[in-house]
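User: I'd like a close look at one part of a protein model, and I'd be glad to have the rest of the molecule as context. Here is the entry I have open.

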Amino acid sequence: ADVNEEVIAALKQGRSSELVKYFDEKVSIKLINQEDVLSKSQAEANLKYFFEKHPVKNFSSVHISTVNNSAQYITGNLETSNGLFRVSLLLRRNLISQ
């Protein structure tokens with residue numbers, strides 16, 4: 001639960017440097033219309049660029065669920081100065097993998 005709270009806090013603040021602490025070595029990431037499996041550093045660079053172009057106003061988690069005690073999903077809405085985005089995260093072993 002602590003990891004979830006820290007991930008949600010990082011999203012609310014639009015802080016890619018805080019989110020990357022929880023990235024797995026490879027992260028499947030989809031931002032707007034680009035989707036790829038990236039290294040931790042590549043994913044952080046893309047996320048940082050996204051947050052620069054879309055300053056975060058707020059993030060509200062809509063649903064948090066656990067699957068087989070091994071994976072957690074966090075879904076929510078990211079409100080930015082340029083619109084509303086749907087966010088879905090998959091955490092395995094307390095690391096963001098997707």
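What share of the contacts in the protein with a separation of 6 or more comes from residues 24 or more positions apart? With that as a starting point, please look closely at the salt bridge between Arg-93 and Asp-24 and at what surrounds this pair.

Analyst: Happy to. Residues 24 or more positions apart account for 41% of the contacts with a separation of 6 or more, where a contact means heavy atoms within 4.5 Å. Please keep in mind that this is a predicted model, in which local features need pLDDT of at least 70 and side-chain atom pairs count only at pLDDT 80 or more, while totals for chains, interfaces and linings use all residues. Residues are numbered from 1 along each chain as its sequence is written, and side-chain values use heavy atoms, with hydrogens and water left out.

Now to your pair. The side chains of Arg-93 and Asp-24 meet at 3.1 Å, N to O, which fits the salt-bridge criterion (a side-chain nitrogen of Lys or Arg within 4 Å of a carboxyl oxygen of Asp or Glu). Arg-93 sits in the loop between β5 and β6, and Asp-24 in the loop between α2 and β1, so the bridge ties together parts that are 69 residues apart in sequence. The elements named here are DSSP runs, numbered from the N terminus: helices are H or I with at least four residues, strands are E with at least two.

The two partners differ in how much they are covered. Arg-93 counts as exposed because its relative accessibility is 58%, whereas Asp-24 counts as buried because its value is 17%; the cut-offs are under 20% for buried and over 50% for exposed, with partly exposed in between (1.4 Å probe, protein chains only).

Elsewhere, salt bridges that share partners join Arg-15, Glu-18 and Lys-21 into one network. Glu-18 meets Arg-15 at 3.7 Å and Lys-21 at 3.2 Å, both N to O. Within this network, Glu-18 and Arg-15 are partly exposed, at 26% and 39%, and Lys-21 is exposed at 52%. The search of the whole structure finds 3 salt bridges.

On the Arg-93 side, the backbone is worth a look. Arg-93 belongs to the hairpin of β5 and β6, which has 2 residues between the strands, and takes a positive phi near 55° there. Strand β5 (residues 83-92) also pairs with β4 (residues 71-80): they run antiparallel and are joined by 10 bridges, and a hairpin connects them through 2 residues. Between β5 and β6 (residues 95-96), again antiparallel, there are 2 bridges, where a pair of strands requires that DSSP finds at least two. Leu-91 links both pairings: Leu-91 stands opposite Gln-72 of β4 and opposite Ile-96 in β6.

Ile-96 leads back to your pair, since Asp-24 is among the residues that Ile-96 touches. Not counting residues up to four places away in sequence, Ile-96 also touches Val-7, Leu-19, Tyr-22, Phe-23, Val-27, Leu-89, Leu-90 and Leu-91.

Ile-96 is also one of the residues with the most contacts inside the largest nonpolar core, alongside Val-7, Leu-11, Leu-19, Phe-23 and Leu-89. That core has 24 residues; a nonpolar core here is a set of buried Ala, Val, Leu, Ile, Met, Phe, Trp, Tyr and Cys residues joined through side-chain atoms within 4.5 Å. Helices α1 (2-13) and α3 (40-53), and strands β1 (26-31), β4 and β5, each supply at least two of its residues, and α1 gives the most, with 5.

The short helix α2 (residues 16-19) holds Ser-16, which counts as buried because its relative accessibility is 8%. Beyond its sequence neighbours within four places, Ser-16 is in contact with Glu-44, Leu-47, Lys-48 and Phe-51.

Finally, the wider frame. The protein has 3 helices and 6 strands, in the order α-α-β-β-α-β-β-β-β from the N terminus. Buried residues make up 38% of its 98 residues. Its radius of gyration is 12 Å, which agrees with the value near 13 Å for a compact globule of this length (taken over C-alpha atoms; the rule is 2.2 Å times the number of residues to the power 0.38). Along the principal axes, the C-alpha atoms fill a box of roughly 35 × 25 × 20 Å.
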